[in-house]
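Biologist: Can you walk me through this model? I'd like to start with the sheet, then look at the cysteines.

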Amino acid sequence: MKYLIIGAGGTGGCLGAYMTEAGKDVTMIARGAHLKAIQENGLRMETTRKGNYTVPYVKPMKMEDYQEHPDAIFVCVKGYSLEDTIPFIKDTAKKDTVVIPVLNIYGTGGRMQEKLPDLLVTDGCIYIAGEIKEPGCLWQNGDIFRVVFGVRNPAEYRPVLKEIQKDLLDSGIDGILSENIRRDALKKFAYVSPAAACGQYYDVSAGEMQKPGEIRETFAALIGEIDKLARAMDIDFEEDIVKTNLDILDALTPEASTSMQRDIRQGKNSEIDGLIYEVVRLGEKHGVELPVYRKIAEKLKENYY
């Protein structure tokens, strides 16, 4: 299997490092100072899971330099950069290449499928606390590293998806081939979206959300609204999603925050539209009142969008 990973940040970079260490054929698309540092020194990893080490034999390059035709493409960019990947994927993919987006934004696979009608585009999501610490160096905090992916329509299933799952597992990544990816991707979104919305609204990291009080109650209320929206979309989480996500929150280090918050803090483009405003639009589409999301969206629009 020949893999291409578009994006070498906290998600794509960790994915590429782990799979390369396991002997998989992986190329990562990167850019700027991060690309230059990896090319010169390898990819440095600082982790609470495996310690600090360098993967010297990764294959990073710019889009325009990539000439191969991969069997599988992991798309690990931010939502605002997604459109830029479409022409590149069209030029690079074979007819049987599988495209697996693992973005924070819910429904990405379906939107990409419309623009890549000749390819199989799954849905997917990733569980990892990773970020670029400095050019050429990634920081992975915590033990969790899970990739969940699958087809929206069972008729689209291909045996190659099992091969991809096996390669992830071989690489020390918890690869899950989902039988209900609409539910499982929304389950991930039901954590990251409320965390981003609550964290940005109050300008806090995980530590303040872990304490009893208004901030934690707001986080829980946002999760509850996603649960309400899921039921309107005929999706059953089959668990107490509020409790599940509070447990995830409580397992984080106090300084943990979402990438959306970090991007806004640094004056960069952010995924605020897909993580927050899109939830309000989905509520309107499905006839669901989401008062907490609406309040936060209206407040944030005054300042950020």
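Modeller: First, a definition: helices (H or I, at least four residues) and strands (E, at least two) are DSSP runs, numbered from the N terminus. Two strands pair if DSSP finds at least two bridges between them. This is a predicted model: local features need pLDDT of at least 70, side-chain atom pairs count only at pLDDT 80 or more, and totals for chains, interfaces and linings use all residues. Residues are numbered from 1 along each chain as its sequence is written, and side-chain values use heavy atoms, leaving out hydrogens and water.

Biologist: What order do the four strands of the open sheet take?

Modeller: The order is 4-3-11-10, with mixed pairing.

Biologist: Which are the edge strands?

Modeller: Strand 4 (51-55) and strand 10 (130-134). Each pairs on one side only.

Biologist: How many bridges join strand 3 to strand 4?

Modeller: Five, and the two strands run antiparallel. In one of them, Met-45 has Tyr-53 of strand 4 as its bridge partner.

Biologist: New topic. How many disulfides does the structure hold?

Modeller: Zero. A disulfide here is a pair of cysteine sulfur atoms within 2.5 Å.

Biologist: Why is there no bond for Cys-14?

Modeller: Because the closest cysteine sulfur, in Cys-137, is 10.0 Å from its own, too far for a bond.

Biologist: And Cys-125, what is its nearest cysteine sulfur?

Modeller: That of Cys-76, 12 Å away, and Cys-125 is in no disulfide.

Biologist: Is Cys-125 buried or exposed?

Modeller: Buried, at 2% relative accessible area. Buried means under 20%, exposed over 50%, partly exposed in between (1.4 Å probe, protein chains only). Cys-14 is also buried, at 0%.
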